[in-house]
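Hi everyone, thanks for coming. I'd like to walk you through a structure that is new to most of us. Please have a look at it first.

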Amino acid sequence: MNAQHEIRIALAGNPNCGKTSLFNALTGAHQKVGNFSGVTVEKHEGYLDYKGNRITVVDLPGIYSLTPYSPEEIVTREYLIKEPPDVVVNVLEGSNLERNLLLTTQLMELEVDFLVALNMIDEVEEKGIVIEIKQLQQLLGCHIIPTSAKKSIGLDALLDHVIRVARKDITIRKNKLFFRPGLEASVEKITTILARQKELDGFNPRWLAIKLLENDREVYLEVQHHPVWVKVELALQEALKEAERMHDSEPEILITEDRHAFIRGAMQECVHQPGGLKATPTDYIDMVVLNRILGLPIFLLVVWAIFQLTFTLGAPLMGWLELLFGFIGSTIGPLLPNETLRSIVIDGIIAGVGGVLVFLPNIVLLFVGLSFLEASGYMARAAFVIDRVMHRFGLHGKSFIPMVTGFGCSIPAIMATRTLKSRTDRLVTIMIIPFMSCGAKLPVYVLLTAAFFPPEIAANIMFGIYLLGIVVGLWTALILKKTVMKSDSEPFVMELPPYRWPTLASVFFQAKIKALMYLKKAGTLILGAVIIIWAVSNYPHNSALDRAYTTESNVIAKSGISEVSKKDLAKALELRIKSEQLEYSLAGRAGKVLEPMIKPLGFDWKIGIALVTGLAAKEVVVSTLGTIYSIGQSKDARVELKSILRHDPSFSRATALSLMVFVLLYIPCVAAIGVMKKEVGKWKPVVLYSAYSLSVAWVLSFVVYRIALVML
Ligand code: BGO
């Protein structure tokens, strides 16, 4: 007689999911009833012989969760950890999936070898519920076998899969449930500490980490006895503070929320219930915002509204700041004794740094809008809606959240791609984030739209620019996915957290943080850049031009023309000499070298300089224009940069549009490049990417400029 393979399986599931029925259908008469060790909870055990295997089946008590509150939960968990069977069969009630999946998420966290028996499939069909099993299988990372214990459907298929899992013919141990970024980082950190110390062998370190963050008493007692506790406790305290700071909540609550968000996402993607509304307000809102037809237009409308708000509310505040800096300039100017010092302060610092600071309200409003979308739970819905679009470009909807973070700043956005578990998806997302228009580019758009377009269409132009960034980003992803980064996008659940009304305090907190960051950047990097730009725009100084100025001024003064004409001539002379001095300076000479390359885009050498200095930080484009144009102005006629640009003959609406497109798309700032290199690991792709973005920027600016010249 051939020796039989021994396989031990355990049935786990909610009460009334059909576990006992399945147990009976599998084991028939071969059953015995005992107790789980030390408790009065009954243990049903039976066996069957199938295809040369003796399969022992344990029917675990029906439970909703692995949180050890009830005796049933305690024994089930103890059993799964201390005497892990070869395969856990998670029995789900097919027509009640949402509730049943909570236990599934916890089995996923435990990383046991499990598969799902999607039971009562007869009832599912009767009720007209459609479950996309293949898709759900990929999202959960385990095999799903439809069964009906009552009608003996799918039992052989279930047993075949049990054998394959037990023999490790199919791998299912892939964690598919990740928590929100900050929390996930805490889980990973504690997991690493526990895994490295190897003191708790036999326990899954990730599961221990999650349980510790959930304040699980049993796990606390277990881990506290080990020396590793010193490090773990520190990490736990940090995680607690992080959850409090970021979400005004505790890790325990966030973990539960994220499990439900995962389930809600999986349900939305894979289960289609016929007819009728479900109960909660969240369901009602989701029915509208996740609607296949309405979802995308609603998202575009929401983003458009944020731009309108940024521009409409920001415009008067910006006007006040402009007045303030104008007043500071005109008050301080006459008090400064020396012409060079006066020029540094007025043309350099006030025109450059002040020129950037006036956009503070716009930046803060944009950030507040984006963090409102994030905190309210809408951003996750937007990602869900965009998921379908993203798939067409070879990416997953999960890439969308880092992309939207990129509207704020590329640096945290690039780091946020760490939540993507597919390396190729991660690299591709990193490469497209800089095309998402970051907050630093906003001053350029606000300046140019305010200078060249009526207020009623300014926000629409900005919205168009942002959309262009998304389109270029997505096409770049497609090109990368079809060429150098070929891979199938791995399916993950798009989590749908509950809707929440963000508190005023948290919105103000976000606004304050962003404002302080912007002020710090203005006071350090931008101030430094502005002083350098001032210096290279003033030196070397051409003393021959100074002499010519003195001679010609004398000629004008001594001429017999009227005083008014003398004044006009003197002003024209001053402007001409200043402009020639600027061209003689280091910045002027460098700009002249660049000019032939950017002339086809409608840019002169001054813009060329601004684009080069903008590599330090994109706001510096505005600072540079502020400083260069201010230096080039007559000292009696200091006006706002936007009116200088409006009256500059080399600047037109077409130039403004072309410049906005170029700033949107060309090489990211140095800080972003640095983070890209750190995350990608090599210079070559980053350098190639920079060359690519520069080329795309050039070509699209050229196209926009030529079309605008004809149409505007
Ligand atoms: C009663 N299909 C259908 N339609 N029903 C099933 C299936 C299936 O695949 N599997 C189980 N059921 P348990 P737990 C009942 O008992 O195995 C039914 O707690 C009734 N009883 O027949 O006990 C099963 O072990 C009177 O239904 O689950 C049972 O997990 C009227 O699901 C119930 C109607 O199964 C729970 C049903 C007096």
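I'll talk about a few strands, then one residue in a helix, and then a helix further along the chain.

A word on where this comes from: it is a predicted model, in which local features need pLDDT of at least 70 and side-chain atom pairs count only at pLDDT 80 or more, while totals for chains, interfaces and linings use all residues. Residues are numbered from 1 along each chain as its sequence is written, and side-chain values use heavy atoms, with hydrogens and water left out.

Let's start with strand β6, residues 114-119. Helices (H or I, at least four residues) and strands (E, at least two) are DSSP runs, numbered from the N terminus. Six of the six residues of β6 are buried, so the strand is largely enclosed by the rest of the structure. Buried here means under 20% relative accessible area, exposed means over 50%, and partly exposed lies in between, with a 1.4 Å probe and protein chains only. Phe114, Val116 and Leu118 cover one side of β6, and Leu115, Ala117 and Asn119 the other.

Which strands pair with β6? One is β5, which runs parallel to β6 and is joined to it by six bridges; strands pair if DSSP finds at least two bridges between them. Val91 has Ala117 as its bridge partner in β6. Between the two strands, the chain passes through helix α3 (residues 97-110), in a right-handed β-α-β crossover. Right-handed means that, with the strands pointing away from the viewer, the path from the first strand over the helix to the second runs clockwise. The other is β8 (residues 144-146), also parallel, with three bridges. There, Ala117 is partnered with Ile145.

Now to Glu93, in strand β5 (residues 87-93). Glu93 touches Asn119 of the chain, among others including Asn16, Cys17 and Arg99; contact means heavy atoms within 4.5 Å.

Next, is Lys134, in helix α5 (residues 133-140), buried or exposed? Lys134 counts as exposed, because its relative accessibility is 67%. Lys134 lies 30 Å from Glu73, C-alpha to C-alpha, and the two are 61 residues apart in sequence.

Last, helix α31, residues 683-711. With 29 residues at 1.5 Å each, α31 should span 42 Å, and its end C-alpha atoms are 42 Å apart, so the two agree; the expected span is 1.5 Å times one less than the number of residues. Its buried residues, including Val686, Tyr689 and Ala708, pack against α19, α21, α29 and α30.

Technical notes:
Lists of a residue's contacts leave out its neighbours within four places in sequence.
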